[in-house]
Amino acid sequence: QHYFIQSNLRMDVQVYGKIKDHDFHMVKLAIDTLDRTHTGAILSQVHALTDTDWESFLDDRKTEIRGEIWGFKSGTMTFVDGKLIGNGDDFMRWAKEKFAMVDFRPPAFYEALSNQAYKEYLENPESEVVYMDFVHDKRPMGRMIFELYKNVVPDTVENFVKLLCSKADKKLAASNMHRIVKNGWVQGGDFVNSSGGNSDSFKGGKFADENFAIKHDKRGTIGMANDAYPAGPHSNGSQFYITFGPAPWMDQQYVAFGCLIEGMSVLDDIENIETYNERPKRPLLLHDCGLLKDAL
């Protein structure tokens, strides 16, 4: 049966969820169904988020919603007319109460949907998704995953991907992260001797600053560490940094080319590593790296 709802009775539905969360795709499909069966009943906005963006979203909403959101464990959050409904199951109960909607699909169906959505995200032709596995003092720390914007800085991304992922020679694998600046960044990429004194591109030598289109506006921004002194601009090679927070002063000096999308807890642990003169007291190793789609 099909229903038409007057526009003045329309409800505003907002959905936020992690791309890989099964409940997010359950709610997304439920909204699509309601759009077909109850035309005009809802005005929806659905936001698919990376793990890192989801964490940022929760932090922002904790202040706004206060106690309702503390301890929220789900990877999906729904609102109707600005009021928090809850997670995916809460939304389905709401849909049943308001529209007599019942979903009989098994969990495996939504698992398949989430896996397909994540696969499509990784295969986005405008970006590359890479992973880095870190080891500190011979102890595994975990994995960080980055999205690199090859549609914005194609030459910079190509150089970094080749250094990181070349099947013939992963130059950055097993290199040390040689510098940790508190409240600043972690730096690595000297694959010659990990001293921080060497930085060569995949092809050898240096290459120019491509552009400064990507801003250092959040924690986990990744960019090229050029030879600040004496060379300065247009002296990019293999060294890179990952920021511990927004760093707008970098915007016109260093070429950012991506951001962290998973593994913020690993970056937190790296920031807390004990240092001496901005060098880790115990070795921090980029143990392994590559294209994420090749590692799944």
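**Note on the predicted model: pocket, cores and strand S5**

1. Sixteen residues would be a long list, so here are the central ones: of the 16 residues lining the largest pocket, Arg-179, Gln-187, Ala-225, Asn-226 and Gln-239 lie nearest its centre. A pocket here is an open set of points on a 1 Å grid over the protein atoms alone, where a 1.4 Å probe fits, with protein on both sides within 12 Å along at least five of seven lines; lining residues have an atom within 4 Å of a point. The space in this pocket is about 290 Å³, taken as the space filled by probe spheres set on the points. Its lining has 7 nonpolar, 7 polar and 2 charged residues.

2. On the basis of the work: this is a predicted model, where local features need pLDDT of at least 70, side-chain atom pairs count only at pLDDT 80 or more, and totals for chains, interfaces and linings use all residues. Residues are numbered from 1 along each chain as its sequence is written, and side-chain values use heavy atoms, without hydrogens and water.

3. Next, the cores. The largest nonpolar core has 50 residues, and Phe-134 and Ile-270 touch the most other members. Helix H5 (residues 154-165) gives the largest share of this core, 6 residues. A separate second core of 20 residues includes Leu-29, Ile-31, Phe-91 and Trp-94. A core is a set of buried Ala, Val, Leu, Ile, Met, Phe, Trp, Tyr and Cys residues joined through side-chain atoms within 4.5 Å. Buried means under 20% relative accessible area, exposed over 50%, partly exposed in between (1.4 Å probe, protein chains only).

4. Strand S5 (residues 76-80) is mostly covered, with 5 of its 5 residues buried. Thr-76, Thr-78 and Val-80 are on one side, and Met-77 and Phe-79 on the other. Strands are DSSP runs (E, at least two residues) and helices likewise (H or I, at least four), numbered from the N terminus. S5 runs antiparallel to S2 (residues 11-18), with 5 bridges; Gln-14 stands opposite Phe-79. Pairing requires at least two DSSP bridges.

5. S5 is also antiparallel to S6 (residues 83-86), through 3 bridges. The two form a hairpin with 2 residues between them, and Asp-81 in the turn has a positive phi of about 50 degrees.

6. Two other non-glycine residues deserve a look. Asp-137 has a positive phi near 55 degrees and sits between strands S7 (128-136) and S8 (139-148). Asn-183 has a positive phi of about 60 degrees. Asp-137 is partly exposed at 27%, whereas Asn-183 is exposed at 74%.

Key:
Nonpolar A, V, L, I, M, F, W, Y, C, P; charged D, E, K, R; others polar.
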